[in-house]
Amino acid sequence: MSIRRKVVVHVAAVVLAAWTLIPLVWVAIVSITPPNEFASRPLRFWPKVPDLTNYPRLLGREATSPSGKVLEPSGHSSLIVHGLINSAEVAVVVTAISLIVCVPAAYALARLNLRWREAGLLTIIATRALPPIATTIPFFALFSSLGLSGTRTGLVITHLTITVPLLVWIGTSFFASLPAGLERMARVDGCSRFRAVTKVVVPASGPSITAMAVIAFLTSWNEFTFALIFNTGSTAQTFPPALASMFFQVSVPTEVAAATCLGLLPPLLLAAVFQRYIRRVNFVGIQ
Amino acid sequence: MSETTLQTQSVAIHVRKVLKRYGSSDKPALNEVSLEVPPGELLAVLGPSGSGKTTMLNVLAGLEQVEAGHVLFGDEDVTALQPEQRGVGVVFQSSMLYPHLSLRDSISFAPRIAKVPKQEISRRIEEVTNWLNIGHLLGRRPGEVSGGERQRAAIAKALVTQPRLLLMDEPFSAVDAQLRRQLRTELVKLHRRIGTTTIFVTHDQEEAMAIADRVAVMRDGELVQVGTPLELYRSPVNSWLADFVSIQPLNHFDAHVDEADRLVLLDGTLTVEGARLPRGSRVAVGVRPEHITMRPEPAATTWRILTQEMLGSVVKYVVRDTNGHEITTVTTADEMLAPDQPVELRVDRGRCMVFDAQTGKAFASASAQEASGVS
């Protein structure tokens with residue numbers, strides 16, 4: 001790479017990183033700004049006295065402010081705590097079911113000589129072209145008659161309609177990139193056809209399957225449309241609509257910022273831990 | 001040399017009229033192929049891509065089911081056996097190993113599946129990896145070792161199962177030319193030591209000719225010829241095979257036999273005495289560049305040197321006659337001849353490969369006749 005190209009690439013990377021990170025950093029700073037300081041003008045970038053009380057208060061605990069005042073738990077704590085728990089439960093179940101369905105499906109599509117393989121793959125991915133909102137009315141009718149509205153089960157089902165095609169698509173390219181003779185080698189080494197998959201293909205695909213799991217989890221964790229329409233106000237409400245509803249209630253901006261950060265924490269942790277696996281995905285082809 | 005404790009076995013392989021087709025394709029990948037391999041032989045299966053050589057290997061390994069015919073290891077008919085029941089070791093293309101396992105775990109994978117006692121596995125690994133000089137690399141993954149080391153590990157992996165038959169599918173295709181030559185020599189040495197019947201698939205004729213006891217040449221799902229490298233080199237059964245097993249491209253001539261029983265090549269600018277063929281017959285003649293004798297002759301008028309290429313121990317010349325025909329010769333590099341130098345060419349009948357002009361099939365060559373005392 002020429003020096004000039006290097007400079008251009010690095011500058012572009014810095015601009016892109018700033019574009020992405022500045023709002024996040026800003027939200028994080030706001031979340032630890034005391035409300036009175038946030039209301040005062042001119043606005044300071046960094047608070048004089050950082051105030052971490054929003055976090056315990058949102059999680060339903062009392063907290064002592066920097067000035068020594070004991071503060072009550074936040075009025076939104078139940079909303080946020082239940083939202084986080086529901087989101088986690090839904091995302092974990094969605095991830096588990098997605099993997100159980102998509103790993104074998106993607107493996108079959110990648111490795112077996114199936115008729116209509118290309119057409120099948122294209123149909124699967126074409127369902128992703130449909131905006132979620134387009135399927136809400138049929139889902140609404142269905143869920144009403146089945147009693148699934150306002151339940152985590154219902155939300156899991158809607159999320160699977162997003163994650164399954166996505167993971168089948170990504171997984172197919174992953175498995176197709178495995179060395180061609182891997183299963184043959186396993187067969188010669190004494191594995192049955194099935195054992196060749198469980199003892200060799202799956203372990204050898206550890207990083208890919210991890211990436212698939214992370215993508216499924218993040219997709220479900222962040223999903224907003226279905227969660228808003230089907231579960232708002234119910235006991236099964238997940239975090240994204242809970243956070244959104246904070247905006248429409250009488251609330252303190254610094255508290256909303258802290259809630260946002262709480263919701264960002266799990267995806268950021270996942271991304272940090274598994275970033276080297278996620279990097280393998282580029283959503284067009286893989287690697 | 002340490003005592004070999006690894007139990008090595010070698011069986012005769014009999015392939016009898018094996019027919020294999022893929023899917024609905026009419027053209028068989030193996031068209032009633034029969035092949036006999038004596039115990040302990042190192043046989044190369046040589047052919048261009050699509051010739052059926054890899055299918056042959058897969059059939060022997062049990063990775064492909066055959067439509068008709070039989071495969072026997074010694075007296076045992078293994079046609080219906082699964083790969084894991086056959087007792088074969090396979091070195092897969094590009095020396096594949098399990099990408100997610102250390103070399104030790106890759107090598108011990110098959111014996112572990114077979115529930116060989118741990119101590120026994122360790123003993124075998126130690127022995128095999130000592131032979132192959134990879135003992136110090138066992139903790140690494142395939143991505144962390146060089147191509148040659150991966151190659152040795154793949155061979156070790158195939159050998160620890162104490163196979164009756166060792167199959168290798170283009171194992172050297174992923175390493176550079178120099179290393180490939182070195183690995184070939186090592187393979188021949190290793191084969192001498194263990195004596196396991198070995199079948200080696202390659203598309204590289206130089207490789208096949210260099211290492212194999214015998215070479216089986218395949219084309220379009222059929223065996224064209226099976227013989228020692230020397231037999232293939234001296235007496236190819238047809239002109240395609242003569243070309244295919246040549247390292248330097250052959251000179252091809254349309255020729256006829258004149259009244260004086262001479263082979264007349266190239267409108268008569270080159271003739272070969274003693275054709276021993278029916279007068280007037282039209283044939284195709286192939287001559288290897290190294291079998292054309294050339295000497296400088298200032299008075300010569302027909303042939304002149306066009307170009308010369310120094311190839312180390314030999315020099316390759318392209319020479320041209322007054323009619324514009326070109327032929328290639330190779331001579332030892334004792335003396336370099338300059339372009340435009342007039343030369344005389346001579347070809348002995350014994351060095352001519354004579355083929356039917358229509359079918360390309362070989363007439364019994366003079367050298368073969370002499371060798372068998374027919375003359």
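In chain B of this predicted model, a right-handed β-α-β unit is built from β7(B), helix α6 (residues 177–194) and β8(B). Right-handed here means that, with the strands pointing away from the viewer, the path from the first strand over the helix to the second runs clockwise. Helices (H or I, at least four residues) and strands (E, at least two) are DSSP runs, numbered from the N terminus. Local features need pLDDT of at least 70 and side-chain atom pairs count only at pLDDT 80 or more, while totals for chains, interfaces and linings use all residues. Residues are numbered from 1 along each chain as its sequence is written, and chains are lettered from A and ligands numbered from 1 in the order in which they are written.

Strand β8 (residues 197–202) of chain B has neighbours on two strands. Strand β7 (residues 165–169) of chain B pairs with β8(B) in the parallel sense over 5 bridges, where pairing requires that DSSP finds at least two bridges between two strands. Within this pair, Leu167(B) has Ile199(B) of β8(B) as its bridge partner. Strand β3 (residues 42–46) of chain B also runs parallel to β8(B), joined to it by 5 bridges, and here Leu42(B) is matched with Thr198(B). Strands of a sheet pair through backbone hydrogen bonds, either parallel or antiparallel.

How many of the 6 residues of β8(B) are buried? The count is 6 of 6, so the strand is largely enclosed by the rest of the structure. A residue is buried if 20 or more other C-beta atoms lie within 10 Å of its own, exposed if 12 or fewer, and partly exposed in between, with C-beta atoms placed from the backbone. Both faces of β8(B) are covered, with Thr197(B), Ile199(B) and Val201(B) buried on one side and Thr198(B), Phe200(B) and Thr202(B) buried on the other.

Two loop residues beside β7(B) deserve a look at their backbone angles. Most residues other than glycine have a negative phi. Gln162(B), in the loop between α5 (147–159) and β7 of chain B, is not a glycine and yet has a positive phi of about 50°. Glu170(B), in the loop between β7 and α6 of chain B, likewise has a positive phi, near 40°. Gln162(B) counts as partly exposed because it has 17 C-beta neighbours inside 10 Å, whereas Glu170(B), with 20, counts as buried.

Elsewhere in chain B, an open sheet of 4 strands follows the order β2-β1-β4-β5 with antiparallel pairing. Its edge strands, each pairing on one side only, are β2 (30–37) and β5 (76–77) of chain B. Strand β1 (residues 13–20) of chain B is joined to β2(B) by 5 bridges, and Val15(B) has Leu35(B) as its bridge partner in β2(B). Helix α1 (residues 53–61) of chain B lies across β1, β2 and β4 (68–73), running at about 65° to β2(B); axes are lines fitted to C-alpha atoms, for helices over the stretch in contact, and angles run from 0 to 180 degrees between N-to-C directions.

At the level of the whole chain, an automatic or database domain assignment divides chain B into domain 1 (13–234) and domain 2 (251–371). Their C-alpha centres lie 40 Å apart. The contact between the chains takes 16 residues from chain B and 13 residues from chain A, two residues being in contact if their C-beta atoms, placed from the backbone, lie within 7 Å. On the side of chain B that touches chain A, β6 (88–91) and α3 (109–113) of chain B are the elements that give two or more residues.
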